[in-house]
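Here are my notes on the model you passed along, jotted down while going through it. Have it open on your side as you read.

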Amino acid sequence: MPLVLLARPLAADTWAAHGGQCPPDWLQSAPHSPPCGVSGENTAALVADLLAGPQGMRTLLQPIVRLHDRAIVGYEALSRGPQGSVLESPDRLFAAASACGRTLDMELHSATLALQRTQGRLPPGCFLSVNLGPQALACAAQRLPLGGRQDVLLELTEHLPLDGALELSEAVSSLRAQNVGLALDDTGCGFADLDTARVLQPDIAKLCITVVRHAGQGGPLDADIAHTVAQLHQLGCRVLAEGVETQAQHEALHAYGVELAQGWLYGRPVAVDTALRSLSQIRR
């Protein structure tokens, strides 16, 4: 399975059909069905309740470390529904929001809570990565409480073809003017990753779990991963390996020149207060 980055623009006929412009719904995700065991009516009510305020929505933090010494340098914010509820897991939570046409609202609400719950609490030199899809990223500068924050990276969570990346370039420039950085999720697994990185110039490119799981197995796969890392470095990105679970993966990724990592080897997602309390104890 080739793991090198691919670069493929939007199909020419699709591009031409829209007068050389990105199709108006290109940045929109396809709707999901309600989660199993939840009716459409109940889904809408549950989602509306969660979006009405902070109650029920939980923010977890998973540590991001430097590979060479495993020091914590950041956290990824992860959202969960009410504990023990049918919408506790993130896949069910966001599938429910999608089923009633409220994906954008759920992404912005989750990001807002993560930003509010970490405001002024991260130690110097530590950053927060917050996940957003293309639509949410496009309006993040206007819709999220980013004022005064210099410790935030917004992580684009969906693969984009070339014209989709171009569509977002102005929004990314506006965010950079506010000292907000950009990360690309799942790099190396989908098409046009390299084009997207060239256009948006992310601060961090995250190697997807599928790539990371092959690290250290030897042969051409290792060479492909090393080549992907080198390409991203040439574009000025720091590379973060996601889903690291074994010491062998850690050592191989370090040998490839990967700077940052996250995964169960370093720490699982925990509540904001727990994560920051633990970090404070480590740094004493």
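**Notes on the cavity, strand β1 and the cysteines**

1. Let me begin with empty space: searching the whole structure turns up one cavity of 30 Å³ or more. Its volume comes to about 70 Å³. Bear in mind throughout that this is a predicted model.

2. Who lines that cavity? The residues are L156, E158, H159, L160, L184, D185, D186, T187, D193 and T196. Sorted by class, the lining has four charged residues, along with three nonpolar and three polar ones. I'd click through them one by one, with the acidic side chains of D185, D186 and D193 among them.

3. Which elements supply at least two residues each to this lining? They are β5 (181-187) and α8 (193-200). The biggest contributor is β5, which gives four residues.

4. Now to β1, which covers residues 58-66. Is this strand largely enclosed or left open by the rest of the structure? Seven of its nine residues are buried, so the strand is largely enclosed.

5. The partner to look at next is β2 (residues 72-80), which runs antiparallel to β1 and is joined to it by eight bridges. If you want a landmark for the register, P63 sits opposite Y75 in β2. The β1–β2 hairpin has five residues between its strands, and there R70 adopts a positive phi near 65°. That residue is worth a look when you check the backbone.

6. β1 has further pairings. Strand β9 (residues 270-271) runs antiparallel to β1, with two bridges between them, and here L61 faces V270. Strand β8 (residues 260-262) is also antiparallel to β1 and is likewise joined to it by two bridges. In that pairing, V65 has A261 as its bridge partner. When you follow side chains along the strand, remember that in a regular strand they alternate between the two faces of the sheet.

7. Last, the cysteines. How many disulfides does a search of the whole structure find? Zero. As for where individual cysteines sit, C237 has 4% relative accessibility and therefore counts as buried, the cut-off being under 20%. C139 also falls under that 20% cut-off, so it counts as buried too, at 16% relative accessibility.

Notes:
Residues numbered from 1 in each chain as written. Predicted model: local features only at pLDDT ≥ 70, side-chain atom pairs only at ≥ 80, totals over all residues. Heavy atoms only, no water. Disulfide = S-S within 2.5 Å. Buried < 20%, exposed > 50% of the residue type's maximum accessible area, 1.4 Å probe, protein only. Pairing = 2+ DSSP bridges. 1 Å grid on protein atoms, 1.4 Å probe; cavity = no way out; pocket = protein on both sides within 12 Å on 5 of 7 lines; lining within 4 Å. Points joined across faces, edges and corners; volume = space filled by probe spheres on them. Nonpolar A, V, L, I, M, F, W, Y, C, P; charged D, E, K, R; others polar.
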